Amino acid sequence: MTLAERQGLLRQLKLDYSLILIDYFTTDKTLKDKIDKFINTIFYANIPVPQIIEIHMEVIEDFSNQLKLEGRSNETLLDYRLTLIDILAHLCEVYRSSISK
């Protein structure tokens with residue numbers, strides 16, 4: 001993968017992750033599919049875990065800045081650590097499954 005392709009992929013992953021975060025605490029029935037697609041992309045692109053955490057931190061920072069501009073508290077963003085834990089747990093399961101095959 002070229003540098004430009006990788007940067008484009010990382011931008012797309014950040015956008016996809018933002019959408020996952022927005023829908024995470026809702027009753028969106030497509031959330032599981034979004035998470036599965038995100039995990040598969042990460043797995044097959046061989047994106048390292050620190051990069052995933054960096055994406056999470058960047059998206060949370062963007063959300064925090066938006067909340068500050070709106071004059072609202074960003075305290076609820078702490079709950080979104082659960083999303084990161086969920087994503088990493090799913091990724092671990094994909095790795096575990098791929099090793100056992």
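Helices α1 and α4 of this predicted model are oblique to each other, where oblique is the word for any angle that is not roughly parallel (under 35 degrees), roughly antiparallel (over 145) or roughly perpendicular (65 to 115). Their axes come within 10 Å and cross at roughly 120°; the axes are lines fitted to C-alpha atoms, for helices over the stretch in contact, and the angles run from 0 to 180 degrees between N-to-C directions. The crossing of α1 and α4 is right-handed, a name used when the near helix is turned clockwise from the far one by less than a right angle, while anticlockwise gives a left-handed crossing. Tyr17, Ile20 and Leu21 of α1 make this contact with Thr83, Leu84 and Ile87 of α4, contact being defined as heavy atoms within 4.5 Å. Sorted by type, the residues of the contact of α1 with α4 are five nonpolar, one polar and no charged; here Ala, Val, Leu, Ile, Met, Phe, Trp, Tyr, Cys and Pro count as nonpolar, Asp, Glu, Lys and Arg as charged, and the others, Gly among them, as polar.

Before going on, a word about how to read the model. Because it is predicted, local features need pLDDT of at least 70 and side-chain atom pairs count only at pLDDT 80 or more, whereas totals for chains, interfaces and linings use all residues. Residues are numbered from 1 along each chain as its sequence is written, and side-chain values use heavy atoms, with hydrogens and water left out.

The protein as a whole has four helices and zero strands, where helices (H or I, at least four residues) and strands (E, at least two) are DSSP runs numbered from the N terminus. Read along the sequence, the pattern is therefore α-α-α-α. The C-alpha atoms fill a box of roughly 50 × 35 × 20 Å, taken along the principal axes. Of the 101 residues, 34% are buried, a term that stands for under 20% relative accessible area, with exposed meaning over 50% and partly exposed lying in between (1.4 Å probe, protein chains only). Among the contacts with a separation of 6 or more, 75% are between residues 24 or more positions apart.

Helix α1 packs not just against α4 but also against helix α2 (residues 31–45), and for this second pair the angle is about 155° with the axes 10 Å apart. That makes α1 roughly antiparallel to α2, and the crossing of this pair is left-handed. On the α1 side the residues in contact include Arg6, Leu9 and Asp16, and on the α2 side they include Lys34, Phe38 and Ala45. The residues of this contact divide into nine nonpolar, one polar and five charged.

Which residues of α1 are buried? They are Leu9, Leu10, Leu13, Asp16, Tyr17, Ser18, Ile20, Leu21 and Asp23, and what covers them includes α2, α3 and α4. One of them, aspartate 23, counts as buried at 16% relative accessibility. Not counting residues up to four places away in sequence, aspartate 23 touches Asp28, Leu31 and Lys34. Aspartate 23 and lysine 34 are 11 residues apart in sequence and 9.7 Å apart in space, C-alpha to C-alpha.

The third pair to look at is α2 and α4, which pack at an angle of about 55° with their axes 10 Å apart. That makes α2 oblique to α4, and their crossing is right-handed. Among the residues that meet are Ile35, Phe38 and Ile42 in α2 and Ile87, Leu91 and Tyr95 in α4; the contact holds nine nonpolar, two polar and two charged residues.

Helix α4 itself has 20 residues (81–100), which should span 28 Å at 1.5 Å a residue, and its end C-alpha atoms, 29 Å apart, agree with this; the expected span is 1.5 Å times one less than the number of residues. Its buried residues are Thr83, Leu84, Asp86, Ile87, Leu88 and Leu91, and what covers them includes α1, α2 and α3 (49–69). Threonine 83 counts as buried because its relative accessibility is 0%. Leaving aside neighbours within four places in sequence, threonine 83 is in contact with Tyr17, Ile20, Leu21 and Tyr24.

Finally, asparagine 46 is found in the loop between α2 and α3. With a relative accessible area of 56%, asparagine 46 is exposed. Its phi is near 60°, a positive value in a residue other than glycine, whereas most residues other than glycine have a negative phi.
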